[in-house]
Amino acid sequence: MRAVIFDIDDTLYPYDVCDKKGMNELYAAFLEYKEMSRSEFDLLVSQAKKAVKLRTGNTAASHNRMLYVQAMCELRGIFSPEKCIRLYNSYWDAFLDNMRLYDGAIELLEKLKTMGVAIGFCTDLTVHIQMRKLVKLGISHIPNAVVTSEECGFEKPDKSMFITMLEKLHASPSEAIMVGDSIEKDMEGAANCGIYPVLFGKKSDKYEYAENFEALYKILEGICR
Ligand SMILES: [Mg+2]
């Protein structure tokens with residue numbers, strides 16, 4: 001096996017705890033511009049997301065939090081570029097500060113590298129944020145390649161994501177494994193391209209799975225040796 005491709009969110013680290021911290025900081029920052037209850041704020045966030053997703057569709061921009069905070073400010077009549085940047089940073093600074101790799105992740109990634117396996121990170125969202133996450137997680141030295149949906153114009157499970165990654169890693173589909181937590185995006189997307197999928201973090205009747213990095217290590221060790 002020449003290459004292992006990893007999803008990032010909820011595969012290398014738990015997303016929800018970081019998102020929660022980010023949203024708390026965003027709320028605190030928003031209160032400085034506009035008084036509102038947390039439930040009003042949560043409603044505003046969902047209205048803003050809906051408005052953004054309506055325009056951007058199935059693209060990386062549909063997750064761009066600068067567009068979310070812009071729409072939030074516009075909906076409340078308090079828009080300014082400076083506020084948008086402040087709000088955006090309040091979310092991402094808190095999010096990034098609370099990121100922790102899953103136990104055993106760094107050991108596995110470094111082991112694969114010493115075995116000469118090429119490593120790719122294939123992820124929906126914008127490239128700037130995903131690069132910052134990799135640096136913050138302390139794994140900047142790991143990937144041979146990163147592919148984002150911003151780069152491809154489509155999100156997983158679109159084939160372009162996987163094909164672009166294989167090109168960057170100089171690997172054929174049969175030489176690669178995809179590890180991810182989403183059945184639809186990661187498992188079906190990889191399988192449709194002929195890449196062997198391994199589900200992370202949950203059980204499955206259909207796909208080989210690993211509930212943690214220890215179990216994943218055993219699977220990959222057997223295949224990559
Ligand atoms: Mg994921």
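Donors are N, O and S atoms within 2.8 Å of the metal (3.2 Å for Na, K and Ca); water is not among the atoms, so sites may look incomplete. This is a predicted model, in which local features need pLDDT of at least 70, side-chain atom pairs count only at pLDDT 80 or more, and totals for chains, interfaces and linings use all residues. Residues are numbered from 1 along each chain as its sequence is written, and side-chain values use heavy atoms, with hydrogens and water left out.

Me: Which residues coordinate the magnesium ion?
Reply: The donor residues follow the sequence spacing D-x1-D-x171-D. Coordination is at 2.1 to 2.2 Å, through OD of two residues and O of another. The residues are Asp 7 (OD), Asp 181 (OD) and Asp 9 (O).

Me: Is Asp 7 buried or exposed?
Reply: Buried means under 20% relative accessible area, exposed over 50%, and partly exposed in between (1.4 Å probe, protein chains only). The relative accessible area of Asp 7 is 6%, so Asp 7 is buried.

Me: Is Asp 9 buried or exposed?
Reply: Asp 9 also supplies a donor to the magnesium ion, by its O atom. Its relative accessible area is 16%, which means that Asp 9 is buried.

Me: What radius of gyration does the protein have?
Reply: The radius is taken over C-alpha atoms, and the globule rule is 2.2 Å times the number of residues to the power 0.38. For 225 residues, a compact globule would come near 17 Å, and the protein agrees with this at 19 Å.

Me: What share of the residues in the protein is buried?
Reply: The count runs over the 225 residues of the protein. Buried residues make up 48%.
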